[in-house]
Amino acid sequence: MDEKTGLLAGPDGFARCFWHGNLPDYLHYHDHEWGRPVTDDRRLFEKICLEGFQSGLSWLTILRKRENFREAFAGFDIDKIAAFTEQDVERLLGNAGIIRHRGKIVSTINNAKRARELANEAGSLAAWFWKFEPGPDERPEIVDLAHLRANPTTAVSVRISKELKKRGWSFVGPTTVYAFMQAMGLVNDHLEGCVCREQVEAERKAFKRPK
């Protein structure tokens with residue numbers, strides 16, 4: 001990694017954000033998912049739940065267990081998870097393929113109920129989250145390594161976190177929310193010089209925001 005730019009050359013010779021470490025699964029996630037705008041409610045719900053499970057761990061750990069999580073949590077179908085019972089909690093605590101943390105499991109079930117309420121109110125989860133998309137005046141002119149290191153949270157992620165907590169969500173602190181925003185394309189935090197930055201910018205420009 002170039003310590004100044006935060007860029008790392010991939011196997012194809014193109015510069016990318018350093019954090020994928022050229023690990024094949026992480027590289028694929030960086031190139032094809034991270035930062036590309038998402039409007040699918042199930043994917044949005046999955047991501048914010050998995051970011052909660054990541055707390056205290058690395059995203060790579062969660063990414064490599066993601067299919068196990070999907071199987072265990074009914075494909076992150078909001079209504080199915082909202083109907084989970086204590087029996088499901090015990091089932092999940094016995095599942096070695098996921099992170100067996102009672103608080104995070106219970107939180108996911110609670111958040112599914114809160115997500116249904118929020119989607120019913122706003123029309124969709126996507127419509128609710130995307131209304132918080134930062135404007136140009138809330139974004140840096142250049143996204144560089146120094147900026148990302150200095151801003152693990154933002155004013156917008158703090159605002160979303162407060163709103164969600166007020167509505168009864170849990171494991172949705174400002175850092176978790178900002179990681180969610182970065183991944184789901186509410187911001188483009190691919191570093192300046194990353195081969196994916198302009199691709200993502202073009203996708204965001206063509207993207208139809210949900211209402």
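Biologist: Hi! Let's start with Arg 42: what is its relative accessible area?

Modeller: Its relative accessible area is 41%, so Arg 42 is partly exposed. Keep in mind that this is a predicted model.

Biologist: Which residue does Arg 42 form a salt bridge with?

Modeller: The partner is Asp 77, and the closest N and O atoms of the two are 3.2 Å apart. That salt bridge links distant parts of the chain, as Arg 42 sits in helix α2 (residues 41–54) while Asp 77 is in the loop between α4 (66–72) and α5 (78–82). In sequence, the two are 35 residues apart.

Biologist: And Asp 77, buried or exposed?

Modeller: Asp 77 is buried, because its relative accessibility is 17% and the cut-off for buried is under 20%.

Biologist: How many salt bridges does a search of the whole structure find?

Modeller: The search finds 22 salt bridges. Another one to look at joins the side chains of Glu 90 and Arg 102, with 2.6 Å from N to O. Glu 90 belongs to helix α6 (residues 86–93) and Arg 102 to helix α7 (residues 102–122), so this pair ties together parts that are twelve residues apart in sequence.

Biologist: What about the accessibility of those two, Glu 90 and Arg 102?

Modeller: Glu 90 is partly exposed at 41% relative accessibility. Arg 102 is partly exposed too, with a relative accessible area of 39%.

Biologist: Can you show me one inside a single helix? Where do Glu 163 and Lys 166 lie?

Modeller: Both are in helix α10 (residues 155–166), three residues apart, which is about one turn of the helix. They form a salt bridge, and their closest N and O atoms are 3.4 Å apart. Glu 163 is partly exposed, with 24% relative accessibility, whereas Lys 166 is exposed at 63%.

Biologist: Which residues are linked with them in a network of salt bridges?

Modeller: The network links Glu 163 and Lys 166 with Glu 121 and Arg 167.

Biologist: New topic, the inside. Which residues of the largest nonpolar core touch the most other members?

Modeller: Those are Phe 45, Phe 73 and Leu 164, in a core of 52 residues.

Biologist: What is Phe 45 in contact with, leaving aside its neighbours within four places in sequence?

Modeller: Phe 45 is in contact with Phe 76, Ile 78 and Ile 81, then with Thr 108, Asn 111, Ala 112 and Ala 115, and also with Leu 125 and Trp 169. Apart from that, there is a second, separate core of five residues, including Leu 7, Cys 17, Leu 191 and Cys 194.

Biologist: Cysteines! How many disulfides does a search of the whole structure find?

Modeller: Zero disulfides. The cysteine sulfur closest to that of Cys 17 is in Cys 194, at 3.8 Å, too far for a bond, because a disulfide needs the two sulfur atoms within 2.5 Å. Cys 196 is in no disulfide either, as its nearest cysteine sulfur, in Cys 194, is 4.5 Å away.

Biologist: So, are Cys 17 and Cys 196 buried or exposed?

Modeller: Cys 17 is buried at 1% relative accessibility, and Cys 196 is buried with a relative accessible area of 2%.

Biologist: On to the backbone. Which residue has a positive phi of about 60 degrees although it is not a glycine?

Modeller: That is Asn 22. Asn 22 is placed in the loop between β2 (15–17) and α1 (24–32), and is partly exposed at 28%. Ala 74, not a glycine either, has a positive phi of about 55 degrees. Ala 74 is in the loop between α4 and α5 and is partly exposed, with a relative accessible area of 27%.

Biologist: Last one, pockets. What volume does the largest pocket have?

Modeller: About 630 Å³. The lining has 24 residues, and the ones nearest the centre are Trp 19, Trp 34, Gln 54, Ala 179 and Gln 182.

Biologist: Which helix gives the most to that lining?

Modeller: α11 does, with six residues. At least two lining residues come from each of α1, α2, α9 (145–150) and α11 (174–184).

Notes
Residues numbered from 1 in each chain as written. Predicted model: local features only at pLDDT ≥ 70, side-chain atom pairs only at ≥ 80, totals over all residues. Heavy atoms only, no water. Salt bridge = Lys/Arg side-chain N within 4 Å of Asp/Glu carboxyl O. Helix = DSSP H or I, 4+ residues; strand = E, 2+ residues; numbered from the N terminus. Buried < 20%, exposed > 50% of the residue type's maximum accessible area, 1.4 Å probe, protein only. Core = buried A, V, L, I, M, F, W, Y, C linked by side-chain atoms within 4.5 Å. Contact = heavy atoms within 4.5 Å. 1 Å grid on protein atoms, 1.4 Å probe; cavity = no way out; pocket = protein on both sides within 12 Å on 5 of 7 lines; lining within 4 Å. Points joined across faces, edges and corners; volume = space filled by probe spheres on them.
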